[in-house]
Amino acid sequence: MTAMNGKTNGAKDRSRSPKKELKPVINDADLVDGHSASDIFEDKNIKVGYTYDDLICMPGHIDFGVGDVQLHGNFTRNIRLKVPIVSSPMDTVTEARMAIALALEGGIGVIHTNLSIADQVSEVIKVKKYESGFIFSPICIIPNMTLEELDILRQKSGFSGFPVTTDGQMESTLLGLVTRRDSDFVQDRRNVLVSQIMTKFSDLVCAYEGVNLQDANRILKESKKGKLPVITQDKRLVSLMSRADLQKNADYPHATKDGSKHLMVAAAVGTRPADRDRVRALVQAGVDAVIVDSSQGDSVFQHEMVRWMKTEFPELQVVAGNVVTKRQAKNLIDCGADALRVGMGIGSICTTQEVCACGRAQASAVYNIAKYARQFGVPILADGGISSPGHIVKALSLGAGAAMCGSLLAGTEETPGEYFYADNGVRLKRYRGMGSIDAMKKGSDDRYFGANTALKVAQGVSGTVQDKGSVHRYIPYLTQGIRHGMQDIGASSIDMLRQKLYDGSLRFELRSPAAQREGGVHGLHSFERKLFS
């Protein structure tokens with residue numbers, strides 16, 4: 001039968017025109033994987049705390065090179081770092097040598113408080129004097145010092161060259177300079193005087209008071225001298241410049257420096273009345289920030305200490321903590337804190353959660369405190385739970401301004417203590433928590449409110465860590481790992497990372513135990529881990 005339109009029913013369509021296939025309609029919402037941080041951490045139906053390992057960051061779009069990633073982050077309101085890494089104020093992690101090395105690499109070190117006031121001040125001064133454009137208080141010597149005495153001074157101070165003035169003081173008439181080149185080949189160290197071997201004033205290249213840093217640098221380069229004295233018209237010494245400092249500036253372009261070109265350094269204090277004298281001495285020494293060191297920062301003792309410091313020294317940057325809840329954070333911000341230290345009981349050598357049943361999972365703590373504190377312009381330091389550059393990426397992704405590291409830096413050459421060898425030949429260094437009995441005996445019990453108790457309850461352990469080499473090789477490995485992580489996320493700066501966090505475009509997923517195992521090394525009979533080459 002033929003249909004009315006002339007076509008036979010059931011006949012095939014013999015048209016040679018290609019059929020148009022309808023494309024599926026895909027909304028942007030259909031392409032969004034994972035969850036925002038607010039979905040994970042602010043859901044009131046979720047009654048679980050999350051650690052860094054519970055989370056994984058979703059990759060984003062890459063339209064920049066890894067070398068374009070900027071790592072500038074805030075240590076405090078007014079101190080910005082080019083590398084967001086802070087060394088923890090632990091007596092097996094940070095003294096002057098670590099603080100110097102970390103500041104040169106772009107971070108900042110916090111000198112621990114298990115020292116006398118004089119010793120802690122001495123550590124701060126070592127950092128502040130280590131490198132500067134102009135050295136305004138160099139060690140001067142008198143012309144009748146023997147070379148034997150000069151050798152002792154070199155060993156104690158760590159410096160090799162000294163200006164020679166009439167009375168061994170600054171602002172006195174400059175007579176000459178003495179360096180190792182002048183003295184190394186002199187055999188009679190006991191009887192030969194500095195005045196006999198020093199480079200006389202007439203042979204020195206000097207600059208006059210008022211010279212700027214750029215001109216002083218040019219004079220040093222053109223003269224090919226090691227030291228450039230800066231003098232008044234009547235030959236009185238007012239400052240000194242070192243060629244070695246120019247080399248350090250070239251080698252460490254990201255160094256954390258103050259307005260006077262000195263390396264920056266922080267120091268820890270307790271909350272005892274005697275610690276006010278410690279703060280005064282540290283400020284006098286030029287410390288750039290003070291951290292109130294307490295495992296539980298929301299105490300009346302710390303409130304009083306923070307208020308006193310901000311009243312007595314308004315320009316001093318004060319880091320308060322430790323905190324893990326928004327209520328704790330509010331109380332310390334109300335006292336005037338310029339930054340908050342976040343973390344309780346999650347360090348590798350910390351047993352606070354086990355002993356005291358108090359603390360919080362670190363990822364949850366960092367996200368919640370960072371989001372609250374940013375309303376007041378207060379950055380946070382993610383303190384603890386960090387054992388890899390990936391953990392630092394996660395801390396920054398959750399809103400931290402910088403990561404405070406203890407175990408991650410322990411075992412490097414710049415940490416206090418000596419290396420020793422295990423029975424299997426592995427090179428080790430000792431590392432202990434400030435809540436360990438060993439550390440408490442040296443004074444850190446105040447950190448756990450136990451200074452006046454007869455029985456000290458440990459909230460940490462003592463152990464050993466493997467040699468990690470020098471900070472100057474280890475920090476570049478960490479920062480490059482952070483850059484790669486941020487590039488994969490699609491954030492070219494920490495500021496962009498934070499923007500993605502709060503606008504919801506930074507996505508996360510929770511990982512099952514199986515997913516965590518899958519994300520690490522697995523399926524091998526044995527393997528060798530090399531962190532970098």
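A salt bridge is taken here as a side-chain nitrogen of Lys or Arg within 4 Å of a carboxyl oxygen of Asp or Glu. The structure under discussion is a predicted model.

**Salt bridges**

By this criterion, Arg341 and Asp383 form a salt bridge, with their closest N and O atoms 2.9 Å apart. Arg341 belongs to strand E15 (residues 339-342) and Asp383 to strand E16 (residues 380-383), so the bridge ties together parts that are 42 residues apart in sequence. Arg341 is buried, its relative accessible area being 2%, and Asp383 also counts as buried, at 11% relative accessibility.

A search of the whole structure yields 21 salt bridges. Another of them joins Arg189 to Asp151, where the closest N and O atoms are 2.8 Å apart. This pair links distant parts of the chain, 38 residues apart: Arg189 is in the loop between helix H5 (180-183) and helix H6 (194-197), while Asp151 is in helix H4 (residues 147-157). Asp151 is partly exposed, with a relative accessible area of 28%.

A further salt bridge, between the side chains of Asp495 and Arg498, has an N to O distance of 3.7 Å. Both residues lie in helix H17 (residues 494-503), where they are three residues apart, about one turn of the helix. Asp495 is partly exposed, at 42% relative accessible area, whereas Arg498 counts as buried, at 19% relative accessibility. Elsewhere, salt bridges that share partners connect Arg77, Lys310 and Asp338 in one network.

The three pairs described individually are listed below.

| Salt bridge | Closest N to O distance |
|---|---|
| Arg189 and Asp151 | 2.8 Å |
| Arg341 and Asp383 | 2.9 Å |
| Asp495 and Arg498 | 3.7 Å |

**A three-stranded sheet and helix H4**

Three strands make up an open sheet in the order E6-E7-E8, with antiparallel pairing. Its edges are strand E6 (162-165) and strand E8 (199-200), each of which pairs on one side only. The antiparallel pairing of E6 with strand E7 (residues 174-178) extends over four bridges. Within the sheet, Val164 stands opposite Gly176 in E7. Helix H4 packs on this sheet and touches both E6 and E7, and the direction of H4 makes about 135 degrees with that of E6. Asp151, the salt-bridge partner of Arg189, is thus placed in a helix for which packing on the sheet is also found.

**Surroundings of Gln487**

Gln487 is located in helix H16 (residues 471-489). With a relative accessible area of 13%, Gln487 is buried. Its side chain reaches the backbone oxygen of Phe64 at a distance of 3.1 Å. When residues up to four places away in sequence are not counted, Gln487 touches Ile62, Phe64, Gly65, Val66 and Val69. Phe64 therefore appears both in this set of contacts and as the residue whose backbone oxygen the Gln487 side chain reaches, since contact means heavy atoms within 4.5 Å.

**Surroundings of Phe313**

Phe313 is placed in the loop between helix H10 (300-312) and strand E14 (317-323). At 18% relative accessibility, Phe313 counts as buried, because the limit for that class is under 20%. Apart from neighbours within four places in sequence, Phe313 is in contact with Val279, Arg280, Val283 and Trp308. For one of these, Val279, the separation from Phe313 is 34 residues in sequence and 9.5 Å in space, C-alpha to C-alpha.

Conventions. Residues numbered from 1 in each chain as written. Predicted model: local features only at pLDDT ≥ 70, side-chain atom pairs only at ≥ 80, totals over all residues. Heavy atoms only, no water. Helix = DSSP H or I, 4+ residues; strand = E, 2+ residues; numbered from the N terminus. Buried < 20%, exposed > 50% of the residue type's maximum accessible area, 1.4 Å probe, protein only. Polar contact = N/O pair within 3.5 Å; in protein donor to acceptor, adjacent residues only side chain to side chain. Pairing = 2+ DSSP bridges. Axes fitted to C-alpha atoms, helices over the stretch in contact; angles between N-to-C directions.
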